[in-house]
Amino acid sequence: MIRCLAIDDEPLALRQLTSYISKVPYLELVAACHSARQASEILSVESVDVMFVDINMPDLSGMDFVKQLVNAPMIVFTTAYSEYAIEGYKVDAVDYLLKPFGLEDFRRSAEKVKKLYERDHAPVPEQATVATSDGDDALFFKTDYKIVRVATGDIVYVEGMSEYLKIHLESDSIPIVVLLSMKKLEERLPSNRFMRIHKSYIVNLGKIREVSKNRVLVGKDVSLPIGDSYRDAFGAFLGSKFLGK
């Protein structure tokens, strides 16, 4: 089941959205929220695969809410204003539903969500990662029933998802998903170029663009948290590279 969060400040629109979700057999409603604040509270305690979010909400718009999320689930925006469509796709929204939309429009969006979900959760027959034997700076990963070669310098960061890892590359917007432990990959990556900064993240130190408070900015405006247990080691790395007063 694909776990959903419905967010809309209009009671009738929210009721319609939850009704549509109930009519799609592979969708499961986690919660129906009247505000971004309420949705944020749900996300802090529940895992969610996709959010159906109204853009035009008071206090905090759906667009601004999604932009501030560190690890946003899949997003489908809903709104009565068509001018938001282009901006919606700028934040990698799966789809955009223009109100008033019917059940068939919703089903089409749900199908897009389902395809992405199945791609990211496709079963991997067995785990495998092997460094090349000729001294080449690369690793091999088994994913989607094939073995792919990845240059370690192409890795921007690694994201842990339970027993799976998402390996985010500079050369491809679609990450590689592998069945592998974070600890095992951490052991195979060059320790002088990669560092674990959070229980769920390993970062390529050469891809860090900015460090601000307890976060690092890498790649195309991706913000990653620095965990409490990893802050001292990361601070020591920064200190060894820092120039200035």
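Hi everyone, let's start with a cation and a ring: the charged end of K114 sits over the ring of Y26, 5.4 Å from its centre. The criterion here is NZ of Lys or CZ of Arg within 6 Å of the ring centre and within 35 degrees of the ring normal.

Some ground rules before we go on. This is a predicted model, where local features need pLDDT of at least 70, side-chain atom pairs count only at pLDDT 80 or more, and totals for chains, interfaces and linings use all residues. Residues are numbered from 1 along each chain as its sequence is written, and side-chain values use heavy atoms, with hydrogens and water left out.

About confidence: pLDDT is the predictor's confidence in each residue, from 0 to 100. The protein averages 86, and 88% of the residues score at least 70. Please be careful with residues 124-135, where pLDDT stays under 50 and the model has 26 contacts beyond four places in sequence; a contact means heavy atoms within 4.5 Å. Where pLDDT is low, the predicted coordinates should not be read in detail.

Now the aromatics. How many aromatic pairs does a search of the whole structure find? There are 5. Rings of Phe, Tyr and Trp (its six-membered ring) pair if their centres lie within 6.5 Å; planes under 30 degrees apart count as stacked, over 60 as edge-to-face and the rest as tilted. Y20 and F106 make a tilted pair, 5.7 Å centre to centre with 40° between the planes. This pair links distant parts of the chain, since Y20 is in helix α1 (residues 11-22) and F106 is in helix α5 (residues 103-120), 86 residues apart. Helices (H or I, at least four residues) and strands (E, at least two) are DSSP runs, numbered from the N terminus. Y20 and F106 are both buried, meaning under 20% relative accessible area, with exposed over 50% and partly exposed in between (1.4 Å probe, protein chains only). Ring pairs also join Y20, F52, F101 and F106 into a cluster.

That takes us to the packing. The largest nonpolar core (buried Ala, Val, Leu, Ile, Met, Phe, Trp, Tyr and Cys residues joined through side-chain atoms within 4.5 Å) has 21 residues, and those with the most contacts inside it are I21, L27, V50, F52 and F106. At least two residues of this core come from each of β1 (2-7), α1, β3 (50-54), β4 (74-79) and α5. Beyond four places in sequence, F52 touches C4, L5, A6, I7, L17, I21, L27, V76 and F106. There is also a second, separate core of 18 residues, including A36, A39, M51 and F65.

Last stop, helix α7 (residues 231-241). F234 and F237 both lie there, 3 residues apart, about one turn of the helix. Buried or exposed, what is F234? F234 counts as buried, at 3% relative accessibility, and F237 is buried too, at 18%.

F234 also leads us to strand β12 (residues 194-198), the place of I197. The C-alpha atoms of I197 and F234 are separated by 6.8 Å, although the residues are 37 apart along the chain. I197 is buried at 0% relative accessibility, and its contacts beyond four places in sequence include V203, V216, L224 and F234. H198 is in strand β12 as well, buried at 18%, and its side chain reaches the backbone nitrogen of S200 at 3.0 Å. Leaving aside neighbours within four places in sequence, H198 is in contact with P225, I226, G227 and Y230. Thanks, everyone!

Conventions:
A polar contact is a pair of N or O atoms within 3.5 Å; within protein, one must be able to donate a hydrogen and the other to accept it, and residues adjacent in sequence count only if both atoms are side-chain atoms.
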